[in-house]
Each structure stands twice: as C-alpha cells, then as structure tokens.
Amino acid sequence: MGSSSGQYDLSFKILLIGDSGVGKSSLLVSFISDSVEDLAPTIGVDFKIKQFTVGGKRLKLTIWDTAGQERFRTLTSSYYRGAQGIILVYDVTRRETFTNLLEIWAKEIDLYSTNQDCVKMLVGNKVDKDTERFVSREEGIDLAKELKCLFLECSARTRENVHQCFEELALKIMEVPSLLEEGSTVVKRNILKQKPEKQVGPTQGCCS
Amino acid sequence: MASSSKKKHEEEDVGEEEEEFEHFDDFTLASSWERFISEIEAVCRRWLSTGPKNLLEKGAVQLGEQKNLYKIKSELKYAMKNYCMEYYFEISNSGKAADWNWNATLHELQLSFGVKEFMVIAPQSASGVILDSPEASKLLSAVAIAFSNCSSLWPAFVPVHDPSRKAYIGIQNMGTVFTRRFEGDLISSQVPVKLMHLEGLYELFVSKFAFSSSDLSTHLFKVHFTMKLTYKTLPYDEDNEAAVLNSESDIITDNGGDNNNNNNNNININRNKLQWDDDCPWSEWYTAEDPVKCFELVAIWEEKMVESSMEMAEMENASIHEAQKWFIVPEFSSYLTDDYSGKLVGFASQLRLLIDALAMSLEVKFMEDFVSAETSGSDKLRSSAVIPPPTVLDRVLKDLCHDGSEVIPPEGRHRSSRLIKGAPLETLFAQFCLHSLWFGDCNIRAIAVLWIEFIREVRWYWEESQPLPRMPTNSTIDLSTCLVNQKLQMLAICIEKKRQQDGTSDNSSDTHSVEANEESLNPSSRGKEEGLVKERDSTSKRSGSAGVVKSMMLLKSHTNMHAPFTQDPPIMTEDMHEERLHAVEVLGDSFSFSGQLEKDILSSDMSAFKAANPDAIFEDFIRWHSPKDWEEEESCGPSKDKWPPEGRLSDRMSESGNSWRKIWNDSPPLPASQQKPFMDPNREGEKILHYLETVRPHQLLEQMVCTAFRAAIDTLNQTNFGGLDNMTTKIDQLYLTLASSLRPLQANKLLGDTEILQDIKRLCVIFQHVEKLLTLAASLHRKFLQAPRLSQTIFNDFRNSYLPKMGKGLVNKEEKKNQQVRVGVNERDVVTGMFVQPSANQSWRRVLSMGNLLNGHEPVFREIVFALRDRVDSSYHAPNEREIETHRMYICGTSNDLRVALSVTSCD
C-alpha cells in the first residue's frame, strides 16, 4: 500500500476510538485492503497508512486504531495528540457502545486532544445486522449534532459507506485552514531537515 | 491715505485686465472699498445659493473637534492685504441656534455668542488678527453692508487686538429692525477680585443695560442664569506624595472636631495604599502607571431666574448637589494612546525583548556559549547585555524553588489556556520564564546565566531525591504543555519513584515492603476491586493480589477471582512518543503492526493476573480484562445458580492463532512487583537532565516565548476588573490569537524563517493593547466599586474610541477628551467621595477665590451664561410682540483668567 511514499500533497493523522468490539479495526481493514475478515482484538494501538486522491489532492492518511479496553485507555491518550481527524465508532446493535461515546469518549477527546480545530466524525457500524439494531439513525444524528460531528452509518462487513466515511472526513479536514496548513507543513519540515546548515547562514548575518 | 489710493489704482488696473470681459459692472465708478464689499457679497451669495449640503462637495472640510461643524473658505484682497473669509456651518438642520447644548462640543464662537452658523473674516497675516481698531470696524461694516445687500442673516466676526486675547467683535443682521452686536475679550492675569465672584459678575452683566448704579439696587431685573462648573480630582499618580501629606493632615484634623470624621476615613484608606495596583496580579512583576490620571466633574445648573445680587451671592454657597446634571470626564494617561513615544514597561515590552533574545539564540549551539567570554560573539552583545549581580540571581533562584503559591487547578484556568503550548502558570518552568523576562531586562546572556544556574538547582533536587518545587506529581504527563515542562513533569515522577525505591530498601522486612510497593505501583483504580486483601490467601502461591473481584468466580476452580496489582503504563514525553511513532512508521510492517510496547503491557498484565489467580485460565483473564469478548448464554438464567456458567469467547478471541492467547501462553505468572519495570526512573531521570543541560538555545527560547506569553496572559487574566463584558471577550480573543500565532514556533521551523519572528513581534503589539485596556479596566473597576455602571460606560467609551485606531498610530486626542459620562443621582456620592479633602499643604498652594467649593476643591473652570429677554413690539410687524434675547453674556474662567463675551441686540 504505502509503496509510493512521498508522492502526496497532504498528510493527515486520523484516530479511531470507541468501545471494545465495535469494529474499529474491521472498519480500517475494510477501507485499506478491501478484505473482510474477523480480526483479533487490537492490543493497545495499531496503525495503517492509506494513500488516495480526493478533491484533486493526493492524500496520505495515517490512521491510528486504538484498543477499546479500559486498561489501554491511559496508554492510547497520547495518540490524540496532533490528530486532525477523530472517528468515534459505535455498534448499532449494542446500545451501551453508543451511550459510552457521550459519557466516556467525548470526554477523552476534550481531555487529550491538542488540536482545537480537529474534525470529529460519528460512525455507526454493523448496519448489515439491521434486524438486531438498537440505535436508530435519528438518535445517531442527534448525538452527532450534540458533539458537533459528521455522521455516517456503515458496515465494515458489506463495505457499505466505508470509503465515504474516510473521504468525507478528509474533505472536511481540508476545509479547515489551520488543519490544511498542518497537513502540508509535514512535507515542508522534511525539506528543511535536509539542509539545516544552509538555513543558519543568513540569520547569522543579520544578527551580528 | 494718499498712498493707499495709489494702491487702489494699481489694483484696479490688475483687476480690469482679469475681469473686464466677464462682467460689465462699472468699476471705474466704484472705490476699492465698494469693490471689496461687492466681492464679499458675491462670495456670500454663492455660498447662500449653494446650501450647506452642496458646499460639502465643493471643498468644505469638517472641523476635527466639532463633529457636526464644517467650514469653507475664500480669499479676498483689499488694500494690498489678503483676507480670508470663512463660513462655519452645520449640516443637520435640527434645532435653532442652540443656545447652550452642554453635551455637544461647540466652537468657541458658538459658545461665546450663542450663535450657530457664522462667518469669520480675518487678515492673512502672521498674527491673524486686526491690530488696528479703525480697520476692524471698517472691515466689519464692509461685511455688514455686503450681508444686508444679499440679505444674509449670518453673524460675522472679526478677530481683534492681540491673538492671545482671542478677542472678537462681530455683527449680525437679524432680518428685522434688529441688529446684534458682539464683543468678546479675555483677561489673562490679575482678574479683579470682584469679578471672581458670582455677585460681581452679575453686576457686570446688569451694568450693560441698567442706566445708573442706583437703578441696580432698586430695580429688579429678571436675569436668566445658567452655570457649568468643572472640578478636577487630584492626580492619581501622586498617591505616594498624597499619602505622606495626608498623614500630616490627619494629626491636624484629629483635633479639628467631628465634622471631619468622614474625611478621616478616606484618608486612612488612602494612606495604606502606596501603589494603586499593589494587589493586581501583575504587581509581582511590575508596577503600571495608573491609566486614569484624574477625573473632571462637570456640574450644570440649568436655567434659573435671578433677580438680585444677593441671590447670586447665595448661589456661591449652594451645594453642588443642587446642580441638575452631573457629568464625569476621565483624563487618561498619555501612555494609553498608541502613539505614546516613551518606554512602557509591562509584559508586552519584556516579551518583545524575549523575542529579540530568541533571534540571537538561532546561531548558538549551547547556552553556555553566551556566558563564556571568548565565544560570546560580538562586543556589542557583551557590552549591551548586563548580567545582574549574584545577589539578584540568588533571590530569583530562591523564589523559583520556593513552593509558595499553589498551582492553579485546571478548572481555575482560562479554558483556552492549554491551547498555548507552554507551561501552566505557577509551575516551575512558567515561573522561570516570567523571572527571565525581568532578570537583567531579558537579555540573552542574563537568560543563559539564569538557565544554567536553574538547571544546576534542578540537578541538586534530582541527586538528593528531593521533590521538585512547583511541580505536582499526578503521574501523568500533559502533552499539551511544552517539552521542557513535560520533561520536568517526568523528572518529578522519576524522583517520586526513586524516593519510593529508597524508602522500600530502608525497611527491608519482606512481606510488608512488597505490599507497600505494590500499593504504590497501582494508583490506577478499577471499579471492580473490592477492598484490599490484607491477609495472605489460603492458596500459598497467590501473590500480588489487589483484592477479590466482585461476583467473579474462576471458571475452573470456582474460587474468587482476584484482581492483580499491575504496573503503571509507562510515561512518555512527546519527543519519546514521536521517536517511537517514527520508528514504527519506518520499520514497522504497516499491515500487521501492533506496538511492541503495548504487547509488553498486555503480557505484564497477564503475568500479574496469573500470579494473583494461580488457577486461572485464558477465559478468566478475558472476562476480567476485556469483558465484551466473553459472551454469556442468555437463556440459562441467573449465572449464580449454575456452575460453570454457559458462555464462550467471542469469535474474534477464539480464532486459532489469536495473538492474545499466544501472549497468554508465553507469560509466566509473576506479580507486578517482581516484574521488570517498564520504566527505570534512574535512567530516565538522567536522560532528562542531559536534555535540560544540552538543550539547543533556540529550542529553549522557542519554548520560553510560548510559555512566557501563556504565563503573562494567564497572570493578566486573574485581574479583577468587575467582569466587563468587552474586556472578557478581548481576553478570550487574545488567547486564541496567541495560540494560533505561536503554533509555528512549536513546529520547530524557525530556523531560516525570519518572517515568523516578525509575526510574533506583531503579536506583542496586540498583547500590549490588551494589557493597556486591562490596566484601565482594573483601575476603573477599583475606583467605581460602588458604581459599576460608571466604570463600564467609561471603559466602553474609551475602548470604542481606541479600537478603530489600533495600529494606525494616530489618535485624535481632542476626540478622546470629550468623553462625558452622565452621573446618575444614586452615583453622586461615589463621585464626591473621589474628591478627597486637600491637605493643608496642598490647599495653601492655591488661593481659593471662586467659591462653590466641593470638599475643599474649587472649580477649575467656571462657565456662566446670563441672558436678559425682553418683549419688544416691532413696529413693522404690528400686533406681533415677541420675546427676544436683548442681552447675553458668556463668562468663563479659572481663578487666573476670565473671558467675557457679550451680545447685545438693539433696534437701529
């Protein structure tokens, strides 16, 4: 996947959070590899890189997938740092995963996110199990409004809406000037790093 | 006269050549004076026909001081002299020649003579006045003739005498049989005592129309009287002196009697306050000049009828509370204006110096380089940068390491504070940054000295295992703060851990010490724990248990499940995170990565669980650690009745090759206390000190700039300014501006981008603006504690007049002076309270001569209008009898000068 590294215009960091077992890793794998499989529970943190083109820009998304277990929560807190997008995932067939978003995960964002402009997205997963659904679409929309999030329902299994989810988030991030700048400075910084000696010269001249 | 007639002829010759073809007026018959009249007439006709609104398009200009007054001018020539004719007019036609609208700002002539629009004709000479009185009356009659020719009703004025006297004579055709004449003059010294008092002034007015002095005492004239008195408080910045003086007067007044008691109270308050901002949060760092210099109180007595000089004499003793209207006019210190040229010391000024220091740090490798003589660069740097003496350094270090004030809890901080990547106020690094702003006036060498000594001090705490001052240890690292602060946080935690280790090695009785150690290892609480198990369980192998888990039984042995003590997750500063992520991104197989560190943690938890529950199986661990991956069979009823409960691992846990099970199988049972710790406090602590000791100067300075900005605004934010809405929003905005403007510094891209430095310097301008406003808000708030409406209004007025000019540098001072705020009746006591009785020392300086005292202050300025009205029947408009103002006198003055302007309407 990431073989053509360096060939991108913008680079963003995305974080997936939500209760254990709601399908964060599945969502990610479904997006990355077009495959649908049962995955072992994430240990702590995992990440994937995906490059794709949206809105005429070549994007590199580094998507961090966190474990939902409580034990890992203090550990994952550091991954909120510098994330331009955060995806809050719940399972439409398990109500407590939905209520925990407001009670636990939204608070975690307030506490740990260092980026005031970061774009949030609410995603209800497992809509393929429509018969077992416990959280209605309307409730999802209401919560999204309350948390000021984008909203989508999708299924990692059928891959319905999975691509839209990440694309829409990326587009929204590109609409925020400060995030856009951050996304592009990563590239700039690499250029600077290559030749720090040259940069010192002129400043020396004007200061002495 | 002969010579002048010659000139006339010359002038005619020139004139003929120019104008002959345009007009066929017969100039040969006209004298030059007549020509001058007709010229005036022509100009006047032109202005009359154009009308005020259109004149604006023809080059009329607005007068700066008076918002609604415009003037247009035209130049004329007569007898080799140039004259300038100016027409002053207002645009809005509402109201008549408003006699005395106290609120509006009136032109001097409007005020003196009670006119609205008017004409001034003056010679274009150096003095701008007519020194010769025959010439003045000739000029005036020329204007009068010209005006009556074109039936203009404008009053016309001619400046006379000496320019300093601002004397005018004037005339106005009233349209009927009446003509108004004007005369005004000024006495600028040695004002006769009689004219200092209302009685004398009244008699002066009456003498203008009474025929004899006997008439004065027998006849009652109905004189309309209006008065405006202006008082001024003692300047606030002389508080120091005042306090000393007051203590002297205290002794005097103590013997003085009861009626002085009130004033004594005021004095006592004043005496204890040496600096006005003593209790403001910034006073720890600097003293601001009081932005409010003093207040003027304007009291207005609206028109009343006076019939005798006796009445006037009584007016002089009347209480100021009888005045119908009160206004207060603040006088602000000049430093509030943008174009203030002097040096203004505050956070903003020091922050600017810190940015200069940052610019210098770019080229240097180590902080030590600034201190050592050989490498400190240019001579200029060495000479200009003074390092304060060791005594000062000692004092600063002592304060830094003094654990005095408590760190403000996160709830007490401004909600946007953490968006600025610095250290929280009152923590060690924030305090260091604030000190370095003032240490040696913030030059880079002084900063280097302070930093090196500071780090030496920090190392001492580390070597001696003493808790770091001003650093709370809550075992987490706030990644939103700057790196130095994170490092110090981590160092504090390392010291804490080291102390615990030392503590356990001291009392080495094994079981107790293990427990103590375990307890300390597990501050993270679990909801499922149910009290500590103090006794050793019957199962001899069990170790590291933190207690029984409520209603959980092990599947195989049907015994209570014990929650283990677990190791704290490792703590990391942001550079450690970054390093790790970087390594993972480069080396990790991006498809199936799971961090090694996270695996270690899971494995450690499993070992601890195994140790606490020797009979446990993998399913037990999953039930405790990841309950959602254990699916109970719903159909089997309450699980307590039946054992073992029907249930199974979730699909994803039970798959073959599941990584969790693999780790479980590989983890030996081992209590947390015996495991290899995730973090070695000794090693990590040393690494942190190495970072602090070798940090690149520009990296340190970048963090110092961010932290100093944050600490400065946090400090200012604690100011009590009575919750002025405008101020609160200003501060909120500043926080956000700082956060976004300082972000480039955090990205560490300063090298080679001097534009960033320029941007941040501009930030200082904004900061200074808010700092000034805040000083003003605080000053007003404490002066009007009992009348918050006044402080609010004055502040808003100032802010509104100040804001639009921000950055442009030019501030119209006149406009600012005219901020009048109406004082409500209930607020009057607060205002009079500000007029502290002058001490004996202060009052002898000025001879009181005017009366109308307010707490011993006489008015600094007094304005009076006398008017006499009369019913006149004008024979032309037969039965109509109307009242006109026959005499009007405007008097204004201080105790040193007196200005009198008289208008008399008469029938010619």
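# Chains A and B: surface, interface and salt bridges

Guide: In this predicted model, chain B exposes about 43,700 Å², and carbon and sulfur atoms supply 50% of that area.

Visitor: What share of the residues of chain B count as buried?

Guide: Chain B has 908 residues, and 48% of them count as buried.

Visitor: How many helices and strands does chain B have?

Guide: Its secondary structure comes to 30 helices and 19 strands.

Visitor: And of the contacts in chain B between residues at least 6 apart in sequence, what percentage join residues at least 24 apart?

Guide: For chain B that figure is 71%.

Visitor: Let us turn to the interface. How many residues does each chain bring to the contact?

Guide: Chain B contributes 49 residues and chain A contributes 47.

Visitor: Which residues of chain B lose the most area to chain A?

Guide: They are E598(B), K628(B) and R652(B), which together account for 15% of what the chain B side buries.

Visitor: What is the total area buried between the two chains?

Guide: Chain B and chain A bury about 4,300 Å² between them, with 57% of it on carbon and sulfur atoms.

Visitor: How many salt bridges cross that interface?

Guide: The rule finds 1 salt bridge between chain B and chain A. It joins the side chains of K628(B) and D19(A), with N to O at 2.8 Å. K628(B) is also among the residues of chain B that lose the most area to chain A.

Visitor: How many residue pairs are in polar contact between chain B and chain A?

Guide: The count is 7 residue pairs, with both residues at pLDDT 80 or more.

Visitor: Which helices of chain B each supply at least two residues to the side that touches chain A?

Guide: Those helices are α18 (574-587), α19 (596-612), α21 (651-654), α22 (659-666) and α25 (725-746) of chain B. The largest share of that side, 7 residues, comes from α18(B).

Visitor: What is the make-up of that side by class?

Guide: The side of chain B that touches chain A has 19 nonpolar, 13 polar and 17 charged residues.

Visitor: Back to salt bridges. How many are there over all chains?

Guide: A search of the whole structure finds 42 salt bridges. One of them, within chain A, pairs the side chains of R58(A) and D9(A), with N to O at 2.9 Å.

Visitor: Where do R58(A) and D9(A) lie?

Guide: R58(A) is in strand β3 (residues 57-66) of chain A, while D9(A) is in the segment before β1 (10-17), so the pair ties together parts that are 49 residues apart in sequence.

Visitor: Are these two buried, exposed or partly exposed, and what are the values?

Guide: R58(A) counts as partly exposed at 38% relative accessibility. D9(A) is also partly exposed, with a relative accessible area of 27%.

Visitor: What about E863(B): which residue does it form a salt bridge with?

Guide: E863(B) forms a salt bridge with K228(B), and their closest N and O atoms are 3.6 Å apart. This pair links strand β17 (residues 861-873), which holds E863(B), to strand β8 (residues 223-232), which holds K228(B), 635 residues apart in chain B. Both E863(B) and K228(B) are buried.

Visitor: And R470(B), what does it meet in a salt bridge?

Guide: The side chain of R470(B) meets that of D399(B), with N to O at 3.8 Å. R470(B) lies in the loop between α15 (444-463) and α16 (483-506), and D399(B) in helix α13, 71 residues apart in chain B.

Visitor: R470(B), is it buried or exposed?

Guide: R470(B) is buried, with a relative accessible area of 5%, whereas D399(B) counts as partly exposed at 25% relative accessibility.

Visitor: Which residues are joined into one network by salt bridges that share partners?

Guide: The network consists of D91(A), R94(A), E96(A) and K126(A).

Visitor: A change of topic, to the backbone. What is the phi of E426(B)?

Guide: Phi of E426(B) is near 75°, a positive value in a residue other than glycine. Most residues other than glycine have a negative phi.

Visitor: Where does E426(B) lie?

Guide: E426(B) lies in the loop between α13 (390-400) and α14 (428-438) of chain B. With a relative accessible area of 14%, E426(B) is buried.

Visitor: And what is the phi of N161(A)?

Guide: Phi of N161(A) is near 65°, which is positive. N161(A) lies in the loop between β6 (150-153) and α5 (162-175) of chain A, and N161(A) is partly exposed, with a relative accessible area of 22%.

Key. Residues numbered from 1 in each chain as written. Chains lettered and ligands numbered in written order. Predicted model: local features only at pLDDT ≥ 70, side-chain atom pairs only at ≥ 80, totals over all residues. Heavy atoms only, no water. Contact = heavy atoms within 4.5 Å. Buried area = accessible area lost by both parts, 1.4 Å probe. Salt bridge = Lys/Arg side-chain N within 4 Å of Asp/Glu carboxyl O. Polar contact = N/O pair within 3.5 Å; in protein donor to acceptor, adjacent residues only side chain to side chain. Helix = DSSP H or I, 4+ residues; strand = E, 2+ residues; numbered from the N terminus. Nonpolar A, V, L, I, M, F, W, Y, C, P; charged D, E, K, R; others polar. Buried < 20%, exposed > 50% of the residue type's maximum accessible area, 1.4 Å probe, protein only. Areas by Shrake-Rupley, 256 points an atom, 1.4 Å probe, with all protein chains shown as cover.
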